Amino acid sequence: PSPSSVPSFSGGSGIVIVKELDKASGIWSLEDQVEKITEGTWPQHGFDVSYLVIAGGGGGGTPGGGGGAGGYRNSFGSETPGGPSASTESQIFLPGGDHTITVGAGGAAAPRCAHTQGTSGNDSIISTITSTGGGGGGGNSQPGRTGGSGGGAYRCGTSPSNFGAGTADQGFPGGVATGTPEGQSGGGGGAGEAGGTDGTGTGGDGLTSAITGSCVTRGGGGGG
């Protein structure tokens, strides 16, 4: 089929997972409690939690690049967030009570024959942690959008200005295209690598987390 007749796809939904850490147990005398409260080391009412927060992925452009993965933030064990040179993140404290959690929806794909960029994904949020929505893929002569991971370049986009950048400690940039009208568009960036790392048009790989007790890979970029 001609490039303008090939459909693009919407980005996937984000996810928010929290896991309570182990607590100290035992019997504490009133004197010990007062001492620890005075020192500021007595536990507050609430929970120390690890988190995995992924934003919604970007939608693909037409005829153009794949959407970038939603930003990937992770504080579980020795696992790392997305993006190059990412370092481990710290757990957060959630005080007792109700908390608002926002799970970002995926961005819409550009309509067939629209010759435009895909829509970026929506942010996912818990407490002070925000993951940025993935960048929409480039379309026609418009570059991929910046996001948690960046959107891939449109078909003729062969320079870094044609794909979207990723966000530090969340994801990688999108990839370039082959540079010909009938060629391959750039892939969207993933949490684990840039778009096009495994070949022009491929989405960047995601990352694997065991926060749920099983190893699951999430946060891959869309193909161009």
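A residue is called buried here when its relative accessible area is under 20%, exposed when that area is over 50%, and partly exposed in between. By this yardstick Ser-209 is buried, because its relative accessibility is 1%. The model in which this serine sits is a predicted one, and Ser-209 makes a handy point of entry to it.

Ser-209 belongs to strand 8, which covers residues 207-209. The side chain of Ser-209 is joined to that of Glu-79 by a polar contact of 2.7 Å. Glu-79 also figures among the residues in contact with Ser-209 once neighbours within four places in sequence are set aside, and the others are Leu-52, Tyr-72, Asn-74, Ser-214, Cys-215, Val-216 and Arg-218. One of these partners, Cys-215, is itself exposed, since its relative accessible area is 66%. Another cysteine, Cys-156, has a relative accessibility of 38% and therefore counts as partly exposed. Across the whole structure, the search for disulfides returns 0.

Stepping back to the whole chain, 1 helix and 9 strands are found. Read from the N terminus, the order of elements is β-α-β-β-β-β-β-β-β-β. Along the principal axes, the C-alpha atoms occupy a box of roughly 75 × 30 × 30 Å. Of the 224 residues in the chain, 44% are buried. The area exposed by the chain comes to about 10400 Å², of which carbon and sulfur atoms supply 52%. As for contacts between residues at least 6 apart in sequence, 56% of them link residues at least 24 apart.

Turning to the strands, an open sheet is formed by 3 of them in the order 5-6-7, with antiparallel pairing. Strand 5 (101-102) and strand 7 (129-131) are the edge strands; each has a single partner strand, so one side of each lacks a neighbour in the sheet. Between strand 6 (residues 124-126) and strand 7, the antiparallel pairing extends over 3 bridges. Within this pairing, Ser-131 of strand 7 lies opposite Ser-124.

Which residues make up the largest nonpolar core? This core has 8 residues in all, namely Val-16, Val-49, Tyr-51, Val-53, Ile-92, Leu-94, Ile-126 and Ile-129. Two elements, strand 2 (46-54) and strand 4 (92-95), each give two or more residues to this core. Of the contributing elements, strand 2 gives the most, with 3 residues. A second core, separate from this one, has 6 residues, including Ile-17, Ile-54, Tyr-72 and Ile-211. Such groupings fit a broader pattern, as nonpolar side chains in soluble globular proteins tend to be buried together. Back in the largest core, Ile-129 is in contact with Tyr-51, Val-53, Arg-73, Ile-92 and Ser-124, leaving aside neighbours within four places in sequence.

A last stop is Gly-166, which lies in the loop between strand 7 and strand 8. Is Gly-166 buried or partly exposed? Its relative accessibility is 27%, so Gly-166 counts as partly exposed. Beyond neighbours within four places in sequence, the contacts of Gly-166 are with Gly-147, Gly-148, Ser-149, Gly-150, Gly-171, Phe-172 and Pro-173. From Gly-166 to Gly-188 there are 22 residues in sequence, while their C-alpha atoms are 9.8 Å apart in space.

Technical notes. Residues are numbered from 1 along each chain as its sequence is written. This is a predicted model: local features need pLDDT of at least 70, side-chain atom pairs count only at pLDDT 80 or more; totals for chains, interfaces and linings use all residues. Side-chain values use heavy atoms; hydrogens and water are left out. A disulfide is a pair of cysteine sulfur atoms within 2.5 Å. Buried means under 20% relative accessible area, exposed over 50%, partly exposed in between (1.4 Å probe, protein chains only). Helices (H or I, at least four residues) and strands (E, at least two) are DSSP runs, numbered from the N terminus. A polar contact is a pair of N or O atoms within 3.5 Å; within protein, one must be able to donate a hydrogen and the other to accept it, and residues adjacent in sequence count only if both atoms are side-chain atoms. Contact means heavy atoms within 4.5 Å. Two strands pair if DSSP finds at least two bridges between them. A nonpolar core is a set of buried Ala, Val, Leu, Ile, Met, Phe, Trp, Tyr and Cys residues joined through side-chain atoms within 4.5 Å. Accessible areas come from the Shrake-Rupley method with a 1.4 Å probe; for residues, only the protein chains shown count as cover.
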